[in-house]
Amino acid sequence: MAEVIALIDYGAGNLHSVHNALKAAGAHGVKVTHNPDLVRRADRVVLPGVGSYKACADGLRAIPGMVDALEERVLLGGVPFLGICVGMQLLATRGLEHCETPGLDWVPGEVRLIAPIDPSVKVPHMGWNDVALTPHARGHSLIEEGEAYFLHSYHFHADDGRSILAMTDHGGGLVAAVSRDNITGVQFHPEKSQAYGLGLLSRFLDWRP
């Protein structure tokens with residue numbers, strides 16, 4: 001029986017592209033959903049996100065019972081979880097885009113405006129860039145080194161460096177991936193990262209954290 005992969009629809013994700021990329025990576029049971037009951041039955045959960053941190057956080061919380069369902073299935077149930085772009089940033093304790101907005105607080109930290117050391121470096125960080133594993137993440141079964149497509153103006157500042165799986169560079173180091181137990185988030189867009197992104201999604205479909 002195909003696994004149920006809940007792709008969360010809260011009005012703030014590139015759902016069509018992510019859905020197609022998951023299918024191209026081998027997924028057969030992707031359900032685009034805003035139904036908390038389906039999330040509670042899911043075998044895997046994917047949380048995409050584009051736009052501002054506040055809009056995404058507000059959109060997720062506007063669905064009655066969705067945050068509770070995610071906490072039940074991911075934190076308590078232990079199913080594999082992947083956050084993409086702002087979906088990864090929502091794992092933080094708070095975001096500082098426009099105003100302070102609480103996040104899920106699954107990976108302690110905050111999301112701040114990118115402030116390049118080199119003033120000639122432009123924000124947003126847009127385009128292809130390296131994904132470099134941190135030393136303690138060598139051998140992680142999900143994230144590999146390579147090149148991925150990024151598009152963001154705010155970045156994840158983790159409280160604990162051990163939660164950082166990978167970094168990239170854009171006028172200074174930026175977090176490219178974070179992880180905690182069965183939870184992983186990536187700042188880049190796998191659905192726009194061609195072979196590298198499809199490889200990541202394929203490994204996520206087999207991931208047994």
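## A cis proline in a loop

P124 sits in the loop that runs between β7 (109–113) and β8 (125–133). The peptide bond joining V123 and P124 is cis. Its omega is about 15°. This model is predicted.

P124 also turns up in the surroundings of a histidine. H152 touches P124, along with I114, H125, L174 and Q187, when residues up to four places away in sequence are not counted.

## Overall build

The protein has 6 helices and 13 strands. Its radius of gyration is 16 Å, close to the 17 Å that the globule rule gives for 209 residues, so the protein is as compact as a globular protein of that length. Along the principal axes, the C-alpha atoms fill a box of roughly 50 × 35 × 30 Å.

How much of the protein is buried? Buried residues account for 54% of the 209 residues. Contacts reach across the sequence too. Take the contacts between residues at least 6 apart in sequence: 72% of them join residues at least 24 apart.

## Surface and charge

The accessible surface comes to about 9,100 Å². Carbon and sulfur atoms hold 52% of that surface.

The protein carries 17 positive and 23 negative charges. The mean positions of the two sets are 4 Å apart.

## H152 in strand β9

H152 belongs to strand β9, which covers residues 146–152. Is this histidine buried or exposed? Its relative accessibility is 5%, under the 20% cut-off, so H152 counts as buried.

What does the side chain of H152 meet? One of its polar atoms lies 2.8 Å from the backbone oxygen of Y154. Beyond the sequence neighbourhood, the contacts of H152 include I114, H125, L174 and Q187.

## M167 in strand β11

M167 is part of strand β11, residues 164–169. With 27% relative accessibility, M167 counts as partly exposed.

Which residues does M167 contact, leaving aside neighbours within four places in sequence? They are D130, V131, A132, T134, G173, L174, V175 and A176. L174 is also touched by H152. A further distance links M167 to N129: the two are 38 residues apart along the chain, and their C-alpha atoms are separated by 10 Å.

## S179 in strand β12

S179 lies in strand β12, which spans residues 173–180. Its relative accessibility is 12%, so S179 counts as buried.

The side chain of S179 makes a polar contact with the side chain of T184, at 3.2 Å. T184 is also among the residues that S179 touches once those up to four places away in sequence are set aside. The others named there are H140, S163 and L165.

## E3 and R44 near the start of the chain

E3 is in the segment before β1 (5–8). At 27% relative accessibility, E3 counts as partly exposed.

Which side chain does that of E3 meet in a polar contact? It is the side chain of R44, at 2.6 Å. E3 and R44 are 41 residues apart in sequence. In space, the pair is 7.6 Å apart, C-alpha to C-alpha. Not counting residues up to four places away in sequence, E3 touches G29, D43, R44, L205 and R208.

## Two positive phi values

C85 has a phi near 55°, a positive value in a residue other than glycine. Where is C85 placed? It falls in the loop between β4 (81–84) and α5 (86–89). The relative accessibility of C85 is 4%, so C85 counts as buried.

Q194 has a phi near 50°, again positive in a residue other than glycine. Q194 lies in helix α6, residues 194–206. Is Q194 buried or exposed? At 57% relative accessibility, above the cut-off of over 50%, Q194 counts as exposed.

Conventions:
Residues are numbered from 1 along each chain as its sequence is written. This is a predicted model: local features need pLDDT of at least 70, side-chain atom pairs count only at pLDDT 80 or more; totals for chains, interfaces and linings use all residues. Side-chain values use heavy atoms; hydrogens and water are left out. Helices (H or I, at least four residues) and strands (E, at least two) are DSSP runs, numbered from the N terminus. The radius of gyration is taken over C-alpha atoms; the globule rule is 2.2 Å times the number of residues to the power 0.38. Buried means under 20% relative accessible area, exposed over 50%, partly exposed in between (1.4 Å probe, protein chains only). Contact means heavy atoms within 4.5 Å. Accessible areas come from the Shrake-Rupley method with a 1.4 Å probe; for residues, only the protein chains shown count as cover. Lys and Arg count as positive and Asp and Glu as negative; His and the chain ends are not counted. The place of a charge is taken as NZ of Lys, CZ of Arg, CG of Asp or CD of Glu. A polar contact is a pair of N or O atoms within 3.5 Å; within protein, one must be able to donate a hydrogen and the other to accept it, and residues adjacent in sequence count only if both atoms are side-chain atoms.
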